[in-house]
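Visitor: I'd like to go through this protein piece by piece. Please bring it up, and then we can start.

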Amino acid sequence: MDSFQEAEWRKAQAMHITCDLVAAAKAQLVFLASVDRYPCLYQGPAVERVLQRYENCWLPLLARAKVEITLVPPFDCEWVWHCRRLNPLQYAEDCQRLHGKILVTNTLPPAERNSALHVTAKLWEDAYHNEPFALDLDVFCSAKSNYTPHYRHMRNNKIQYNLARAMRRQQSFWHQVSLPHIADERLLRVAEERYRGYLYLIKKSISIESSYVPTYDIELMWRSHQLNPVAYRKDTVELLGKFLQHDQDIHTDFHTRHGEAFTETRKQWESIFGQRYWRAGAMGREELVIPRPSNCQIQVDDTQQSMQLMLEVVRARHVKEDTASLFVRYYIQNAGGTVTMNTRPVLASSHPEWRETLSVECTSGIENGDLVSRLRSEFLVFELRCRGGSCLLGSMKGSRIIGRVRVAWQELLESATLSMENWFPLVTEKKAKLNDSCKPPSLHLALSITPPVAAIRSSIWPLPRLERRRISHRRGKKVSSVPSGNRGHTGENSFAMALAALSVAGGSSFNPTEWGV
């Protein structure tokens with residue numbers, strides 16, 4: 001990050017947002033977890049029932065309420081209202097057209113919320129004698145697929161938005177943000193900073209309608225901002241000069257994070273701010289298969305801890321060797337041995353620079369000691385290597401070391417952002433060639449991690465690809481992401497590591513078996 005990029009980042013962080021996004025994100029995660037206990041709220045007969053209650057009961061009750069009274073909706077109506085506010089422009093237009101104002105309610109602490117809930121229930125019962133305030137969702141979740149309840153009232157259908165589709169779509173988003181590390185305080189603080197950077201990116205674009213694609217940590221903050229529609233409208237108009245629309249068709253889909261729009265977003269981000277757009281824990285996982293059984297829940301293994309590590313070898317400099325012959329090897333150095341994986345070999349280029357991004361997961365049994373405590377005394381070692389004339393691409397045999405650098409895990413673990421990015425000078429070998437300036441070769445590395453959490457071991461939901469590979473390994477099947485002859489267990493204190501994904505700049509895919517990794 002040069003001085004210009006640092007100045008741009010400071011400008012982004014100076015953008016004022018009038019609500020506490022971290023607190024709102026925490027509340028949103030808790031609420032989404034509660035909703036997920038009732039899969040009937042995503043699709044099925046319950047959806048039409050709660051939409052009728054939301055449109056015919058909750059909105060009119062909220063519109064009639066006195067300003068000094070804070071209302072709390074029943075759980076099912078709160079869910080529909082949550083989904084509705086995620087299209088802020090259409091929500092504002094519908095509210096103005098139907099009620100003459102934007103309908104909002106204050107966020108209350110738990111004690112005050114319970115009191116307001118009782119007040120709301122009393123007003124509801126007085127207004128709707130034959131409609132219960134709390135809907136029994138268990139009836140819908142346990143009902144057979146052909147169960148059709150009798151509705152006392154039909155919907156008015158005055159809302160110009162497909163709410164049933166919006167409710168169904170939230171299941172995929174929750175799947176992406178439901179992993180335990182998402183709620184970590186440090187990651188949420190970083191996500192808030194990155195959301196400001198995202199807004200600044202939009203502000204600097206030629207058109208505010210540019211299809212920039214957020215990572216999931218930024219998306220979480222964006223949604224948390226929208227859930228306060230008055231603050232969101234005020235903030236975006238003041239910061240961007242226009243009410244910023246949120247297109248869930250673009251911003252929710254997992255696959256858009258691997259398409260051209262995402263690639264362009266990443267390039268713009270890295271050009272303006274000089275820091276990596278991708279980071280551990282923010283890129284999501286494979287899509288959820290919908291529908292799923294009503295009793296389906298994520299299961300974790302409390303005896304295991306897990307963390308993600310994302311590495312990006314951005315470029316090298318002061319290297320005299322032919323770029324086409326260079327590749328990078330990395331491994332963890334510890335007392336019990338090493339776990340080794342090689343990166344894809346560097347492609348021929350007129351300049352000695354390349355970009356490789358990969359994600360790995362480390363798992364350590366709690367019975368052998370806390371994962372953080374064990375990592376504090378260990379290092380990530382990166383070796384810049386040059387292959388010989390007859391050795392295969394990426395093969396260690398016949399290659400020689402140009403230099404290496406060690407990065408302490410402790411530095412990553414103690415970082416306020418759980419990340420590092422810098423130029424790292426390599427400790428060179430005696431036979432290594434130096435460039436004409438005699439400056440030592442260096443690697444530009446970007447590293448980020450997620451905090452250690454209980455590991456996911458089984459679930460009816462699709463697990464991340466890296467998780468399935470590790471489970472297959474435990475069943476005795478071949479794991480292509482760990483070098484043959486060393487399946488990830490080199491000693492009592494070693495870590496089982498699985499290669500999750502590796503992408504090259506430009507969007508090309510990478511198959512570990514193709515390169516013998």
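Visitor: Which residue in β5 does Y331 stand opposite?
Guide: Strands here are DSSP E runs of at least two residues, helices are H or I runs of at least four, and both are numbered from the N terminus. Strands β2 (residues 326–334) and β5 run antiparallel. In β5, the residue opposite Y331 is V381.

Visitor: What kind of model is this?
Guide: Residue numbers start from 1 along each chain as its sequence is written, and side-chain values use heavy atoms, with hydrogens and water left out. Local features need pLDDT of at least 70 and side-chain atom pairs need 80 or more, while totals for chains, interfaces and linings use all residues, since the model is predicted.

Visitor: How many bridges join β2 to β5?
Guide: Two strands count as paired if DSSP finds at least two bridges between them. I332 has L380 in β5 as its bridge partner. The bridges joining antiparallel β2 and β5 number 8.

Visitor: Which residue in β6 stands opposite E383?
Guide: β5 also pairs with strand β6 (residues 400–408). These two run antiparallel, joined by 8 bridges. Opposite E383, in β6, stands R404.

Visitor: How many of the 8 residues of β5 (residues 379–386) are buried?
Guide: Buried means under 20% relative accessible area, exposed means over 50%, and partly exposed lies in between (1.4 Å probe, protein chains only). In β2, 8 of the 9 residues are buried, so that strand is largely enclosed by the rest of the structure. β5 is likewise largely enclosed, because its buried residues number 7 of 8.

Visitor: How many residues of α10 are buried?
Guide: Helix α10 spans residues 216–226. Its buried residues include Y216, W222, R223 and Q226. The helix is largely enclosed by the rest of the structure, because its buried residues number 11 of 11.

Visitor: How are α10 and α11 oriented to each other?
Guide: Take lines fitted to C-alpha atoms, over the stretch in contact for helices, with angles from 0 to 180 degrees between N-to-C directions. The axes of α10 and helix α11 (residues 229–240) come within 6 Å and cross at roughly 110°. Under 35 degrees counts as roughly parallel, over 145 as roughly antiparallel, 65 to 115 as roughly perpendicular, and the rest as oblique. The two helices are therefore roughly perpendicular.

Visitor: How many residues of the contact of α10 with α11 are nonpolar?
Guide: Contact means heavy atoms within 4.5 Å. W222, H225 and Q226 in α10 meet P229, A231, Y232 and D235 in α11. Of these contact residues, 2 are polar and 1 is charged, and the nonpolar ones number 4. Here Ala, Val, Leu, Ile, Met, Phe, Trp, Tyr, Cys and Pro count as nonpolar, Asp, Glu, Lys and Arg as charged, and the others, Gly among them, as polar, which leaves the nonpolar count at 4.

Visitor: How far apart are the closest N and O atoms of R189 and E185?
Guide: A salt bridge needs a side-chain nitrogen of Lys or Arg within 4 Å of a carboxyl oxygen of Asp or Glu. R189 and E185 are separated by about one helical turn, because they lie 4 residues apart in helix α9 (residues 185–204). R189 is partly exposed at 40%. The closest N and O atoms of its salt bridge with E185 are apart by 2.9 Å.

Visitor: Is E192 buried or exposed?
Guide: E192 forms a salt bridge with R189, closest N and O atoms 3.8 Å apart. Both belong to a salt-bridge network with K26, E185 and R196. At 12% relative accessibility, E192 is buried.

Visitor: Which residue forms a salt bridge with E238?
Guide: E238 is exposed at 56% relative accessibility. Its partner lies 4 residues away in α11, about one turn of the helix. With closest N and O atoms 3.3 Å apart, that partner is K234.

Visitor: What separates the C-alpha atoms of S419 and I449?
Guide: S419 lies in strand β7 (residues 419–425). Leaving aside neighbours within four places in sequence, its contacts are R279, L412, L447 and S448. S419 and I449 are 30 residues apart along the chain, yet their C-alpha atoms are separated by 6.4 Å.
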